[in-house]
Amino acid sequence: MSNLKMKEAALIYLDRSGGLQKFIDDCKYYNDSKQSYAVYRFNILINPSDIVELDAELGNHILHEPLKAAQVFQSVCFTAVKTLSLIGQLQTETQINIVLKLTHLPPLRSYSLDLCEFPLDYASQRFYMMQGIVIAMTTVTKYTQGARFLCSDEACPLSKGFQYIRVHVPGATESATVRNDFLCDLCSSSLQEDRKFRVLGDKQIVEIITAKALHAFQGYSNNQPFRFQSLTIFLRDESVGKMNIGNEYKIIGIPTCVKTSQTAVCIEANSIISCNPKVPSGISDNFRYLLSLTSSSCWKFTAILANIFASQIVPPGTYNLLKLCLLMSLVQTSDRNKELKDCLDILIITSDTLLVDRLLNFSINLVPRGIRHPVSTEIFPTLSRNKYGTGAVSIQAGSALLAKGGICFIGDLASHKKDKLEQLQSVMESRSITVYIPGKKFGDDVNQQMTFPVQCSFWSFVDMDSSSRKNMQKTNTLIGQMDCSLIPANLLETFGLLINCNESSPCHPLLSTVQHTLKKAIDPEEQLYVASKKFTTEDFEKLLAFAKNLNVEFSLEAERMIHGYYLASRRIRTDSVSGSKLSSSALKYLVSLAEAHARLNLRNQVLKEDALIAVLLFETSLTLKYGATVFCVAPNAVFPFELYNEEYLEQRDIYLIQCQQQLQQFIATYGPGTAIFTSDE
């Protein structure tokens, strides 16, 4: 009676939810097809909340005994097919394969599978929700959805018809569905598969890790050990291709135990939900107050941010230019599974690699996808054999794809081999990586290739005092030009910003840095400055999280300034021998810099003041690469004075206004519409 009641509830639910009409439409597709099927597969969308409200027992079956619940729906659907004559070829109930697709699970701890907890529950054969980031995936292969078997004894009544139907169930291997040692229940003769009725489906295997595990890739340490491992997810049929490397997903599935060379816990995926983190509601009170105090200027707020940023690593007031650029690169990241178009790649030339390394490592920990690339691993995807013996090739993410929407800090550029640097250059130019899969090597007849978008900003540095550099100094550099002879010219061009961090310059006084380092060595946890107490690391995390989700639009003045500078600069940096020194991506970087400065100011509109900072940063970078031109910008143009108090901030504003006038004069002289331009230009 209980089973009959659940069948009635299942029919009522199908009718109310629209599932019955969809089932009828699917049956029409099978009936119109002239092909004979051993198995007819139907997906039924289940909302657990609705079905529990309708019938608690059926809802409990779905959540805790999904295989038995599928049999209830199988019986209901078979009765519907026969009653309404929906599929003429259907003979037995076992030919109907029902897959229950859940929309969600109850938001209770018992339905959540934490990838950091051990041991994982894989014995209950029920649905769980887990969340993770895809770090590897295989190519798509085939599996057997269902097969028809016949008794080998022709005299046996079961040598005909569709009495022996085997269907894939969650956790089953291929050999559980199709093999040659099945026996007839009636005469004990061996069963033989009728191969022309075998139904194949698509299968893909992905590996995920919890977001907490990214701490292992961030140079993160809180002196507490932690462990993590990847979890294997089996995707089948309509779920295939719905997960991308680097994205984070919620997965509803059934844990199973798969025996390979080692026993492994896997998940048979049922539903996949893309994760979109919540947008922060605001910033800390201290930053809000600071923003109100500096509202009269478009430059003061970001100047103070750069001045006090990372005071745990360097004293306030040091490395301001670098810190401003890092903050601007950080606000151009994204927490969402969407395309990241506005990357800001940074290459730093420095004589103090240890301090710069610490500063960059501190910065990547402020965003969810800040990845420090381990030298022992690969930046870009690699291939390996799939450990589950499915014949598929496993593609491992690499640091760049793992840093999707964030920052990939690749360390010292000199630590990478020539071929890897060439690959890095190619990827930074195209913002994609193509993986070639040789068929012969991996047991396939056909070669394949897969292309992945690379959506992260790259940070790196070069040691200007390395022994090899000292022995190769160029003597014929132009005014303002840095000796970058050890960096391949094409690779140097792909970095949007080149920054010179010379610790002996007036902007980086040695004494305060030495004192800071000594005090931190004595007491690492001590907060040495008032700024560290008022504006904590958590405050900066919150600020960046809020700023990078702002939608910004260009004002007409800012747009004209960016385009005017780009055309004028392209004109004066073009010669008849080597052509233009401004790459096609230069305009993209200028736009991204201006947007970043506006976001860092917590504004929704890019103003001409933001465009000026973008131009000064970009022109400083160009000067380091190619030398100074008519539009001569000082190396410390963005921070001409040490920011001791408000008076110095006022002086900086006056200086930047003068720079703005100089830029406008430069555009008026060399920009579009001037006599110096030809009609083609």
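**Second largest pocket, cysteines and two buried residues**

The second largest pocket has a volume of about 690 Å³. Its lining is made up of 29 residues, and those closest to the centre of the pocket are N97, I98, H168, V169 and P170. Five elements give two or more residues to this lining: α5 (66–84), β2 (96–102), β4 (141–151), β5 (164–167) and β10 (263–274). Strand β2 makes the greatest contribution, with 6 residues. By residue class, the lining of the second largest pocket divides into 15 nonpolar, 8 polar and 6 charged residues. The model in which this pocket was found is predicted, and the values reported below come from that predicted model as well.

The cysteines were then examined for disulfides. The count comes to 0 disulfides. For C27, the nearest cysteine sulfur is that of C77, 7.5 Å away, and C27 is in no disulfide. C27 counts as buried because its relative accessibility is 0%, and the limit for a buried residue is under 20%. For C187, the nearest cysteine sulfur belongs to C151 and is 3.3 Å away. A disulfide requires the two sulfur atoms to be within 2.5 Å, so a separation of 3.3 Å does not qualify. C187 is therefore in no disulfide. C187 has a relative accessibility of 31% and so counts as partly exposed, a class that lies between the 20% limit for buried residues and the 50% limit for exposed ones.

Two further residues are described individually, beginning with S329. This serine lies in helix α9, which covers residues 320–330. S329 has a relative accessible area of 0% and is therefore buried. The side chain of S329 reaches the backbone oxygen of L344 at 3.0 Å. L344 is also one of the residues that S329 touches when residues up to four places away in sequence are not counted. The others in this set of contacts are I346, I407, S457 and W459.

P255 is found in a strand, β9, which spans residues 248–259. With a relative accessible area of 0%, P255 falls under the 20% limit and is therefore buried. The C-alpha atom of P255 is separated by 7.6 Å from that of Y128, although the two residues are 127 residues apart along the chain.

Terms used:
Residues are numbered from 1 along each chain as its sequence is written. This is a predicted model: local features need pLDDT of at least 70, side-chain atom pairs count only at pLDDT 80 or more; totals for chains, interfaces and linings use all residues. Side-chain values use heavy atoms; hydrogens and water are left out. Helices (H or I, at least four residues) and strands (E, at least two) are DSSP runs, numbered from the N terminus. Buried means under 20% relative accessible area, exposed over 50%, partly exposed in between (1.4 Å probe, protein chains only). A polar contact is a pair of N or O atoms within 3.5 Å; within protein, one must be able to donate a hydrogen and the other to accept it, and residues adjacent in sequence count only if both atoms are side-chain atoms. Contact means heavy atoms within 4.5 Å. On a 1 Å grid over the protein atoms alone, a cavity is a set of points where a 1.4 Å probe fits but cannot get out, and a pocket is an open set with protein on both sides within 12 Å along at least five of seven lines; lining residues have an atom within 4 Å of a point. Grid points are joined across faces, edges and corners, and a volume is the space filled by probe spheres set on the points. Ala, Val, Leu, Ile, Met, Phe, Trp, Tyr, Cys and Pro count as nonpolar, Asp, Glu, Lys and Arg as charged, and the others, Gly among them, as polar.
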